[in-house]
Amino acid sequence: MDIVFIRQLEVMTVIGVFDWEREIKQKLVFDLELGTDIKRASETDELADTLDYKAISHAVHDFVEKSEYQLVETVAEKVAELILTQFSIRWLSLTLNKPGAVSVANSVGVKIERGEKF
Ligand SMILES: Nc1nc2c(c(=O)[nH]1)N=C([C@H](O)[C@@H](O)CO)CN2
């Protein structure tokens with residue numbers, strides 16, 4: 001299995017459980033690893049034969065920017081669902097950082113894997 005990756009995808013959005021967090025936008029940062037097979041694209045040199053990291057990046061950004069979830073867990077799961085259903089992807093790893101959420105930590109968040117490795 002090959003990987004197309006997207007690192008440090010930043011989105012400003014409403015996220016958090018506390019009242020004050022519902023009034024502001026905070027930064028979420030995504031690292032994505034998308035399972036694929038790059039063999040065909042490497043032979044044809046055609047974008048249509050691979051995962052378009054630009055299209056996926058913008059789909060994730062647009063979705064998260066409009067969302068208003070409380071937990072990072074919910075955002076992670078919804079983004080994983082979006083990617084697996086809208087693109088030809090069978091496995092992914094998603095790390096979601098909420099930097100600055102905890103004053104004594106550089107970042108906090110979740111990491112999930114979804115789908116089947118092949
Ligand atoms: N496992 C989680 N713990 C916490 C979350 C969360 O989304 N998942 N969220 C908060 C608050 O919103 C926090 O980020 C405010 O600083 C606390 N714990």
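Q: How do the residues of the shell around the ligand divide into nonpolar, polar and charged?
A: In this predicted model, the shell around the ligand is made up of 5 nonpolar residues, 1 polar residue and 3 charged ones.

Q: And which residues are those around the ligand?
A: The nonpolar, polar and charged members come from three stretches of numbering and are listed here in order: Gly16, Val17, Phe18 and Glu21, then Leu71, Val72 and Glu73, and finally Lys98 and Ala101.

Q: Okay, what lies 2.7 Å from a nitrogen atom of the ligand?
A: That is a polar side-chain atom of Glu73, one of the residues around the ligand.

Q: Which backbone atoms lie by an oxygen atom of the ligand?
A: A backbone N or O atom of Val72 lies 2.9 Å from a ligand oxygen, and for Val17 a backbone N or O atom lies 3.2 Å from an oxygen atom of the ligand.

Q: How much of the ligand's accessible area does the protein cover?
A: On its own the ligand has 410 Å² of accessible area, and the protein covers 66% of that.

Q: Changing topic, how many aromatic pairs does a search of the whole structure find?
A: The search, which takes in the whole structure, finds 0 aromatic pairs.

Q: What lies over the face of Phe5, and what over Phe118?
A: Arg7 lies over the face of Phe5, at 3.9 Å from the ring centre, while Arg90 lies over the face of Phe118, at 3.8 Å from the ring centre.

Q: Last thing, what pLDDT does the chain average, and what ipTM does the complex get?
A: The chain averages a pLDDT of 97, with 100% of the residues scoring at least 70, and the predictor gives the complex an ipTM of 0.97 along with a pTM of 0.97.

How values were computed. Residues are numbered from 1 along each chain as its sequence is written. This is a predicted model: local features need pLDDT of at least 70, side-chain atom pairs count only at pLDDT 80 or more; totals for chains, interfaces and linings use all residues. Side-chain values use heavy atoms; hydrogens and water are left out. A residue is near a molecule or strand if one of its heavy atoms lies within 4 Å of it. A polar contact is a pair of N or O atoms within 3.5 Å; within protein, one must be able to donate a hydrogen and the other to accept it, and residues adjacent in sequence count only if both atoms are side-chain atoms. Accessible areas come from the Shrake-Rupley method with a 1.4 Å probe; for residues, only the protein chains shown count as cover. Ala, Val, Leu, Ile, Met, Phe, Trp, Tyr, Cys and Pro count as nonpolar, Asp, Glu, Lys and Arg as charged, and the others, Gly among them, as polar. Rings of Phe, Tyr and Trp (its six-membered ring) pair if their centres lie within 6.5 Å; planes under 30 degrees apart count as stacked, over 60 as edge-to-face and the rest as tilted. A charge sits over a ring if NZ of Lys or CZ of Arg is within 6 Å of the ring centre and within 35 degrees of the ring normal. pLDDT is the predictor's confidence in each residue, from 0 to 100.
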